[in-house]
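Hi everyone, thanks for coming. Could we get the structure up on the screen, please?

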Amino acid sequence: MTNLKLAVEVVRAYNLMPRDGQGSSNAFVELHFDGQKFRTTVKEKDLDPFWNEAFYFNVSNPNELHSLTLDAHIYNINQAISSKTSLGKVRLTATSFVPHSDAVVFNYPLEKGSLFSRARGELGLKVYVTDDPSIKSSIPLPDIASSSSSHSSLQSNQGELTSRKIEESAAAISANGKKGLIRSFFHLPRSNNQVQQPSPAPSQQPIAYRGDETRSENHAPQVFNMFANSYTQSSSFGLRETNPILGVGLVEQMQFLFVRVVKANDLPSKDLTGSLDPYVEVKLGNYKGVTKHLEKNQSPEWNTVFTFSKDRMQSSVLEVLVRDKHILKDEFVGVVRFDLHEIPTRVPPDSPLAPQWYRLENKKGEKGKGELMLAVWIGTQADEAFSEAWHSDEASSVDSSTPSNHIRSKVYHSPRLWYVRVNVIEAQDLVFLSEKNRGLSNVHIKAQIGNQVLKTKSMQSQNTNVLWNEDLMFVAAEPFDDHLILTVEDRVGPNKDEILGRTFIPLATVERRADDRIVHSRWFNLQTPSSSDIEEPKKDKFSSRIHLRVCLDGGYHVLDESTHYSSDLRPTAKQLWKPPIGILELGILNADALTAMKTRHNRGTSDTYCVAKYGQKWVRTRTITDSLNPKYNEQYTWEVFDPATVLTVGVFDNGQITEKGSNGNRDTKIGKVRIRISTLETGRVYTHSYPLLVLHPSGVKTMGELHLAIRFSCTSMPNMMLLYSKPLLPKMHYKMPLTMVQLDMLRHQAVAIVAARLSRAEPPLGKEVVEYMTDADSHLWSMRRSKANFFRLMSVFNGVFAVGKWFKEVCAWTNPITTVLVHVLFVMLIFFPELILPTLFMYNFLIGLWNYRYRPKYPPHMNTRLSCADSVHSDELDEEFDTFPTSKSSDLVRMRYDRLRSVAGRIQTVVGDVASQGERIQALQSWRDPRATVIFMLFCVVASAVLYAVPLRLLIVTGGLYVMRHPKFRHKLPPAPLNFFRRLPARTDSML
């Protein structure tokens with residue numbers, strides 16, 4: 001008895017013919033092989049049905065397998081008359097029966113089921129041969145005509161399966177060497193306003209899936225929280241731990257066919273004039289890639305790389321054609337063919353495959369004139385040619401004319417940003433053009449760098465000298481191509497200014513500093529108002545002049561993100577940078593069940609790519625076109641300089657690949673994920689599926705799931721532990737602090753500069769992408785955010801309220817035993833006060849040790865309950881998504897409304913900051929940041945011993961003297977305990 005079986009997985013169908021008279025179909029698939037027949041379930045009212053069901057056929061005679069065929073018929077069932085109508089069929093020969101290791105899902109075009117029928121669309125099948133004795137063949141089903149209730153029978157193929165059969169199927173698959181948890185899924189029919197009870201019927205074997213592909217949330221580690229409010233949310237919005245099979249690094253290995261077209265030589269001429277405009281077309285099945293055509297060149301050079309994913313290969317022959325470009329029809333020049341089974345495999349660090357010359361063949365297969373230099377190999381995404389390759393199978397599925405720069409992966413580096421400090425001191429010898437203002441002038445200075453414009457206060461003066469001594473702050477990016485333009489203006493009337501003179505200062509000539517040293521001031525001559533020359537003005541005998549102190553401050557960190565989830569905290573000046581403390585590795589594996597963002601061929605689809613930002617390094621994956629379940633499998637690394645930083649990963653729909661005129665070529669956001677580095681354990685690989693939660697005017701929605709693999713490796717644990725006592729921001733932020741108004745304004749300018757610079761790259765990162773990744777609009781007013789911050793604050797004080805309630809119960813003798821014990825403890829501490837602090841710190845140490853068992857097993861994620869997104873009112877969402885300024889019609893309402901939102905936005909920030917301080921206290925013992933908790937526990941042990949050994953009175957006197965010490969013994973930098981506290985994680989990175 002042979003164990004050979006043919007396995008057929010019916011995945012889904014696309015774009016079927018409507019046959020039910022209402023523009024849809026009730027489709028099912030019927031499989032025929034070797035005298036056996038199986039059927040899938042019925043998908044009602046669906047032209048793109050999804051089955052994902054598996055069937056196993058017995059092969060009666062393995063020696064005749066090469067002569068057998070598999071027929072897959074798609075039918076539409078008519079419930080009224082119990083008949084079926086053909087929607088198309090697919091016939092596969094034995095050449096399509098491959099081993100399980102080589103099997104992939106193919107989308108086969110549907111053929112006519114009969115001579116007079118019609119068919120369209122595709123059917124996705126995965127067919128392979130297996131000889132595993134533990135896999136049992138599926139049970140054949142009765143014919144549809146012999147069933148008493150055909151529709152009920154079709155929908156109840158999987159209706160009666162006992163738990164014993166499920167366990168047997170799971171054990172069978174596990175015995176085949178596939179590790180992991182096994183899950184079986186069954187189709188539930190859609191209800192048409194009626195509840196249908198399926199009748200018992202024989203069914204095929206349950207569909208078994210790998211546990212790492214469909215892992216249940218029920219097996220996620222249960223986390224206990226010792227605090228009052230745990231912010232639990234719906235399981236559909238939570239993280240899902242996975243166990244993918246990772247290759248080298250953090251991604252699954254994907255194989256690609258690489259074709260490098262280098263150049264051609266001695267090509268034959270095709271025109272009467274003897275010229276040739278050649279280009280190369282690389283063709284594999286239905287996919288193709290085309291090089292640029294070179295005019296009048298018989299020995300052209302292209303040096304272009306094309307790739308084809310092995311999962312999408314539908315042909316065993318690769319064709320490389322050389323054509324001559326013509327206006328009407330391109331002419332064939334020659335072709336080179338390769339058998340895919342003969343192509344070598346290359347795995348880095350092997351040396352690159354050397355290109356070879358191949359003689360061109362004509363249409364009859366005869367060697368002709370002309371040679372083509374090619375290199376063809378099979379590699380992985382780790383190949384160095386992968387990033388520069390033109391992904392032909394991705395673009396061909398949409399539009400072969402799509403530029404390759406809109407699909408390729410790319411690594412960007414945002415420009416290095418500097419703060420420009422302009423200290424306007426005074427102006428002398430001003431010449432007033434208006435006679436009436438010579439007695440009393442009202443002068444101010446307008447400074448401009450690019451699109452940034454600031455003004456000083458207006459100063460009144462009775463002479464030609466005016467004094468300001470005012471600082472203006474700007475943001476500038478390297479290289480410094482802009483000029484600082486200062487214009488002296490005199491207010492001569494309402495909204496009317498008169499220019500008295502201006503000066504131009506190239507930023508490249510401005511002095512740079514990395515500390516708070518005083519920069520030497522300079523006098524600059526003012527040019528006449530009519531002059532617009534930015535060169536150095538001619539020195540006249542007399543001219544007005546302005547006294548300035550201008551410098552580029554490199555001691556600050558230019559904030560282009562919110563301080564709550566900033567990805568970089570280093571100063572601008574490189575000489576102040578410290579060595580990295582670790583390496584962050586990110587593997588972007590795949591996305592599942594994404595929401596369709598556009599329509600193509602009458603069905604919803606998306607052309608998605610991912611963007612990850614950490615520090616100055618931005619990465620963009622290649623665009624996976626026409627897929628709602630894209631697989632990226634790309635890995636990137638960053639140097640980590642501070643653990644109190646956040647990695648942001650966003651998913652976007654490529655607006656460049658769309659119909660003309662739609663969406664204005666703007667990329668559409670799908671969702672994003674934020675991961676705080678300090679919450680990651682060192683050396684551990686985190687593999688989770690993150691739900692992409694986005695807030696819409698109609699409420700919070702899950703736009704899909706993003707599967708990531710993350711690992712944080714520490715290079716120096718002592719240096720990282722020491723960082724917890726260092727200031728969070730560079731020293732200049734504390735020695736010469738900027739106001740909140742200045743920081744908000746400068747952050748807005750920094751985001752605009754970064755967006756303008758990255759939008760000019762290839763492929764471009766649009767302004768909407770940069771603003772979404774940096775949360776540029778997070779400071780605007782939102783009633784939902786205000787309520788969320790208030791509830792966070794109340795949650796922090798819940799512990800205090802609980803202690804007060806407990807103390808009231810003690811005083812009320814609710815529990816006499818507890819009250820007696822409290823009295824005994826109180827009397828003991830009064831007589832032995834030296835035990836108070838040691839007991840307190842030891843108690844905190846024991847709480848942290850106890851909570852170690854229940855520490856979070858995975859990084860925190862967006863929390864809908866914490867963000868008040870699951871119970872928000874529609875009117876509040878309408879207010880939150882209102883434009884700024886508001887779109888209200890009344891001018892008075894608009895002014896008051898905008899003022900209210902601006903003030904309330906600052907109030908919500910203050911409330912959120914207060915809540916963050918309390919959450920940092922909770923983080924001391926919650927193991928959200930394991931290193932900080934270890935430091936705190938060690939401190940508690942040391943403090944307990946020291947406080948026990950040293951007399952309490954001496955410690956109190958020493959502490960009081962230290963707090964009241966002389967200002968000479970103080971410094972402006974915050975103390976180490978305060979630095980440690982500010983580095984503790986809060987729940988701000990879990991806020992929507």
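I'll go through a few strands, then a helix, then one buried aspartate. Keep in mind that this is a predicted model.

Okay, strands. Let's start from strand 42, residues 699-714. On one side of the story we have strand 33, residues 582-592, running antiparallel to strand 42 and joined to it by 10 bridges. If you want a spot to click on, A591 sits opposite L706 of strand 42. Then there's strand 41, residues 685-696, also antiparallel to strand 42, with 11 bridges between them. Those two make a hairpin, with 2 residues between the strands. To check the register, look at V685: its bridge partner in strand 42 is R711.

Now helix 7, residues 767-774. How many of its 8 residues are buried? The count is 6, so to speak a mostly covered helix. The buried ones are E768, V769, V770, Y772, M773 and T774. And what do they pack against? Quite a list: strands 36, 37, 39, 40 and 41, plus helix 6. Right after helix 7 comes D775, and its phi is positive, near 55°.

Last stop, D989, which you'll find in the segment after helix 16. Buried or exposed? With a relative accessible area of 2%, D989 counts as buried, because the cut-off for that is under 20%. Its side chain makes a polar contact of 3.4 Å with the side chain of R676. Leaving aside residues up to four places away in sequence, D989 touches Y565, R674, R676, P860 and R928.

That's my tour, over to you.

Definitions and conventions
Residues numbered from 1 in each chain as written. Predicted model: local features only at pLDDT ≥ 70, side-chain atom pairs only at ≥ 80, totals over all residues. Heavy atoms only, no water. Pairing = 2+ DSSP bridges. Helix = DSSP H or I, 4+ residues; strand = E, 2+ residues; numbered from the N terminus. Buried < 20%, exposed > 50% of the residue type's maximum accessible area, 1.4 Å probe, protein only. Contact = heavy atoms within 4.5 Å. Polar contact = N/O pair within 3.5 Å; in protein donor to acceptor, adjacent residues only side chain to side chain.
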